[in-house]
Amino acid sequence: MAQSGYPFEQIMVTTADGYCLELHRLPRPNSDRVMFLQVRRASARPCAPCPQQRTEARGSRAPGAVQHGIMDSSYSFIAKGASDGLAFRAFDKGYDVFMGNFRGTSSLKHSSDHISARAYWDFTLDDHGNRDLEAFILEIQRIKSKDLAAPPPRARAASAPASGQPDPHGDATAGVNGPASETVVLDTTLVAHSMGAAAALIYVVNKCRAGQAHHLNRMVLMSPAGYHQRIPRLCRVLGPLIDKLLASTVYTLSIPSARARSLSTKLMRDAVSLPAIRDLVYSFGEMFLGGDFRSTVHPHINVATDNV
């Protein structure tokens, strides 16, 4: 991003249950239009305590958020470069852009340095929606309140929430990274893909059911993940069997080092450049996972190898 001339910040966000997540930002401090982008990737490295700090670079009035999908990360929103990358284009349109990375993705850190691998990976899609997204959105509210010189915040009572439909711009809950804050009125758009979109639905529905503010003006959900009645037969047969065999011993699958991931990327690119191997990859992918692999294999090679 620096080579493309865009500003960048990496912000560490801690969830209520101690997961340390990376929130990437293309900052426009004076913008009240926010875009928040969200996806997800899976990998495994040793857990470590996270620093309560952020690395800042240089920084209109709009924040935005994008959220990634399964086996993915915020990289997917910049992978196409400055001309076509969603994050870059939103920034050029005047948005303050935030890109979230779910637990189990880039940082793989926890506030406890004694957490076991089994405990770390014991989370579900509900945690992505109810804990990760909430932590990201509260941090965005805190940052923008500071940027736009909001009045001092007042904490929301910890008592049972009021009934009725909440105001999406209502008070923020006590922040996971600090005191609660009174938020400014922002125009916040959440853009999410696949599992990120499913997590966004979980987050908003549960906030509305609890009568709490969700702080979003709109959501753009691309191909939200869900339960499918029709899945490939091999998945239907082998899925439960593999889950039963591996559940007690394997918590995640990963390529162990950056060098190995780089080598895997090169090998995959070389492999799919050969027609016979490419057709074999397409056939197996469609047989096991379904869908049209012909339009997805090439653009996602870097994302897939970097995120496992």
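Helices and strands are taken here as DSSP runs, with at least four residues for a helix and at least two for a strand, and are numbered from the N terminus. On this basis the protein, examined as a predicted model, has 9 helices and 9 strands. Buried residues account for 43% of its 308 residues. The exposed surface amounts to about 15900 Å², of which 56% is supplied by carbon and sulfur atoms.

Confidence in the prediction was considered next. The mean pLDDT of the protein is 74, and a value of 70 or more is reached by 69% of the residues. Two stretches fall below 50. In residues 41-62 the pLDDT is below 50, although this stretch has 91 contacts in the model beyond near neighbours in sequence. Residues 152-164 also have a pLDDT below 50, and 22 contacts beyond near neighbours in sequence are found for this stretch. Where pLDDT is low, the predicted coordinates should not be read in detail.

In soluble globular proteins, nonpolar side chains tend to be buried together. The largest nonpolar core of the model comprises 29 residues, and the members touching the most others are Leu23, Phe36, Phe98, Leu133 and Phe136. At least two residues of this core come from each of strands S1 (9-14), S2 (19-26) and S3 (33-39), and likewise from each of helices H4 (125-147) and H5 (195-210). The greatest contribution is that of H4, with 6 residues. A second core, separate from this one, contains 14 residues, including Tyr6, Leu26, Ile78 and Phe91.

Helix H5 also contains Leu201. With a relative accessible area of 36%, Leu201 is partly exposed, because this value lies between the 20% limit for buried residues and the 50% limit for exposed ones. When residues up to four places away in sequence are not counted, Leu201 touches Met219, Leu221 and Pro224. The C-alpha atoms of Leu201 and Gly129 are separated by 7.6 Å, while the two residues are 72 residues apart along the chain.

Nonpolar residues also occur at the surface, where Leu241, Ile242, Leu245, Leu246 and Val250 make a patch of about 430 Å². One of these residues, Ile242, lies in helix H6, which spans residues 233-246. The relative accessibility of Ile242 is 44%, so Ile242 counts as partly exposed. This value is also over the 30% relative accessible area required of residues in a patch.

Conventions
Residues numbered from 1 in each chain as written. Predicted model: local features only at pLDDT ≥ 70, side-chain atom pairs only at ≥ 80, totals over all residues. Heavy atoms only, no water. Core = buried A, V, L, I, M, F, W, Y, C linked by side-chain atoms within 4.5 Å. Buried < 20%, exposed > 50% of the residue type's maximum accessible area, 1.4 Å probe, protein only. pLDDT = per-residue confidence, 0-100. Contact = heavy atoms within 4.5 Å. Areas by Shrake-Rupley, 256 points an atom, 1.4 Å probe, with all protein chains shown as cover. Patch = residues over 30% accessible without salt bridge, like charges linked within 9 Å, V, L, I, M, F, W, Y side chains within 5 Å. Salt bridge = Lys/Arg side-chain N within 4 Å of Asp/Glu carboxyl O.
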